[in-house]
Amino acid sequence: MRQTAAIPAGDDKRSRQLIEVTIDSLAEVGFVGTTLAQVAGRAGVSPGLVAHYFGDKDGLLEAAFRSLAARLGDNMLVRLAQAGDARARLQAVIDANLGPQEVEDRTSKVWLAFWGQVLHMPRLLRIQRVYQRRMLSNLRHALRQLLPADEVPRVAAMIAAMIDGVWLRGALSGWTETDSETARAMLGSFVDNHIGSLPPRPGAQRARPATLSPVNPATGETLASIAVTTPETLDAKVARAKAAQVEWAALMPVERGRVLRRAADILRARNGELARLETQNTGKPIQETEAVDVLSGADCLEYFAGVAATIAGQHLDLGAGAFGFTRREPLGVVAGVGAWNYPLQIACWKAAPALACGNAMIFKPAEQTPLTAAALEDVFREAGLPDGVFQVVQGYGDLGRAMVEHRDIAKVSLTGSVPTGRAVMAAAAKGLKAVTLELGGKSPLIVFADADVDNAVSGAMLANFYSSGQVCSNGTRVFVQRPILARFLEALTARTARLRIGDPLDPATQIGPLVSEAQMDLVLGHIGRARREGVRLVAGGRRLTEGALGRGYFVEPTIFEASDDGAAIVRDEVFGPVMTVLGFDDEAEVVARANDTEFGLAAGVFTQDLTRAHRVIAKLDAGTCWVNQYNITPVEMPFGGVKASGIGRENGLAAIEHYTRIKSVYVAMTGIDCPY
């Protein structure tokens, strides 16, 4: 009897197809009904061919079980790579096992079919035990950093049992009693409460490092050593901001606008210097940072400088006896938490509307990229901004949490990941604070057959490879109508092969490194998982280590072609230079597929038919859309997403809504008619 491999190796599409057919059969007719003959009939092949690959039914089922377990394991590794600390690693294990992929109807039924047979089939039991050991190992590794050693095995076993129990209960109820997100949050809350009730591991409460050490991702060299803001320093900065905000809000709005305008002029004058600093810290090519990062921040300051004097409420005619009016007033001290992909631009996007409205801002840049936000504080000071109105704090996630929870901070604006956004929103809810959340995306870019192919390829490349793919709004799912799919891929592959990868300070470089080693590992993990799942690799897919590139975190621009939307590379945000191309047939189909995601940040449509463009855009669940263009974000237009991609808007007049509160005033013009 031929022994099956864990997952049939190589590029053997037939074996992978038979495994998928087996999983479909298990979901529909169960364990008993799934036979070699039944699978062969579904796949349109002979039973002998199925036996050639897998030997017998046991071998076929073992391969299917291993495929599901491997997918879960890959998802676990990706989530663990994103986890910043021990508690986040625990949540990664929970989220992987209770994620949307594991609770959808088809997968739930298949897992149930396997769990019902493992005690009777040694080959399946071996796989199940590996699954159990892997989960316990990951849980113990995280718990060792939080609890005394003698508590670790017991707590790990308890969490593992609860994960399996919650999943089983949900699966048996058809996920009608709960859903993936609720189940993960519920179990995460329980874990927090239980760990909080136990004594900590000696030394587990030690503080984060006292300094930040940002690295040049092109060389691996440390750029600076920056002191981390302590809780006491944060309190002092907030107190200073609170006092300074009163003075700032009392200025005439036109005066506030003049300060912002002077700051914009200084940014433009220092463009070369600040762009170089941004390139050294982020790895983005200097041709990008000189053209976009600093100047777009200046544009934002200039725009809100003009808006400042126009911020007003409205007059309400209430008849002869009274009138009403509303005032737009600043919130007070607000917090901004930035991301590492556009450090200076994001700082400006948050500071400009906040300051124009009369608020003070405490801004925390990402710990990987702290340098240009600190430079922006100097720019504001030079422009005449009163001391304390804009202050930068430096630190890790614990500092961000302290900002969200600070009683004297009225609102939080975050640019970051979906898990971080959920945590910020939950923490802000305790104080009933307003939030603006600009989070992740898995945005669709749709190319119809009548589109200008070269223009659409340009859009797809900008939507995936600019800033080494580290852009939240990137159109990473590129849907191409089948009549032009081959031509599109040919042009895309040829142009991608010509991209120049190298030293980001070289003006000729088009693709720089990823921001950090951790981000590079995460992106390579996504690529590896896609290849194991059988998604066709069209181009790229490697870390580049030749010559000087070996010192940095360079990943080739990568193109996959996926035959369906089920692969993880199609569903998950990668945040690297990785594009997935998918074929489609008609408009209704592509709209449904484009909307079939938890995200809703952005979308693009390429077509010569403007009627169709407007019709499709109206049907897409996305907050920011483009027609025959991609990733252009003029400050005049609001930017933000829907669904899991965020709440609120940045830029445009819409941002004023998020940095002011409305006060209603009723003014009586006659005496009171009192019945008492």
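A salt bridge is a side-chain nitrogen of Lys or Arg within 4 Å of a carboxyl oxygen of Asp or Glu. The legends below refer to a predicted model, in which this rule gives a count of 42 salt bridges.

**View 1. Salt bridge between Lys109 and Asp105 in helix 7.** The closest N and O atoms of Lys109 and Asp105 are 3.2 Å apart. Both residues belong to helix 7 (residues 105-115), where four residues, about one turn of the helix, separate them. Lys109 has a relative accessible area of 39% and is therefore partly exposed. Asp105 is likewise partly exposed, because its relative accessibility is 48%.

**View 2. Salt bridge between Arg71 and Glu102.** In this pair, the closest N and O atoms lie 3.2 Å apart. Distant parts of the chain are linked here: Arg71 is in helix 4 (residues 57-82) and Glu102 is in helix 6 (residues 100-103), 31 residues apart. Arg71 and Glu102 are both buried.

**View 3. Salt bridge between Lys663 and Glu329.** The closest N and O atoms of this pair are 3.1 Å apart. Because Lys663 lies in strand 18 (residues 660-668) and Glu329 in strand 4 (residues 322-330), the salt bridge ties together parts that are 334 residues apart in sequence. Lys663 is partly exposed, its relative accessible area being 40%. Glu329, in contrast, has a relative accessibility of 9%. Buried means under 20% relative accessible area, so Glu329 counts as buried.

**View 4. A salt-bridge network of five named residues, Arg261, Asp265, Arg268, Asp299 and Glu302.** Salt bridges with shared partners join these residues into one network.

**View 5. Packing of helix 1 against helix 3.** Helix 1 (residues 13-33) and helix 3 (residues 47-54) pack at an angle of about 105°, and their axes are 11 Å apart. Angles of 65 to 115 degrees count as roughly perpendicular, and the two helices are therefore roughly perpendicular to each other. Helix 1 makes the contact through Arg14, Ser15, Leu18 and Ile19, while helix 3 contributes Leu49, Val50, Tyr53 and Phe54. Classified by residue type, the contact comprises six nonpolar, one polar and one charged residues.

**View 6. Surroundings of Thr607 in the loop between strand 15 and helix 24.** The loop that holds Thr607 runs between strand 15 (602-606) and helix 24 (610-619). With a relative accessible area of 1%, Thr607 is buried. A polar atom of the Thr607 side chain lies 3.0 Å from the backbone nitrogen of Asp609. When residues up to four places away in sequence are not counted, Thr607 touches Phe448, Asp450, Ala451, Arg612, Ala613 and Asn628.

**View 7. Surroundings of Thr580 in strand 14.** Strand 14 (residues 578-584) contains Thr580. The relative accessibility of Thr580 is 1%, and this residue therefore counts as buried. Apart from neighbours within four places in sequence, the residues in contact with Thr580 are Thr476, Arg477, Val478, Phe560, Ala562, Ile569 and Val570.

Note on methods: Residues are numbered from 1 along each chain as its sequence is written. This is a predicted model: local features need pLDDT of at least 70, side-chain atom pairs count only at pLDDT 80 or more; totals for chains, interfaces and linings use all residues. Side-chain values use heavy atoms; hydrogens and water are left out. Axes are lines fitted to C-alpha atoms, for helices over the stretch in contact, and angles run from 0 to 180 degrees between N-to-C directions. Angles under 35 degrees count as roughly parallel, over 145 as roughly antiparallel, 65 to 115 as roughly perpendicular and the rest as oblique. Contact means heavy atoms within 4.5 Å. Ala, Val, Leu, Ile, Met, Phe, Trp, Tyr, Cys and Pro count as nonpolar, Asp, Glu, Lys and Arg as charged, and the others, Gly among them, as polar. Buried means under 20% relative accessible area, exposed over 50%, partly exposed in between (1.4 Å probe, protein chains only). A polar contact is a pair of N or O atoms within 3.5 Å; within protein, one must be able to donate a hydrogen and the other to accept it, and residues adjacent in sequence count only if both atoms are side-chain atoms.
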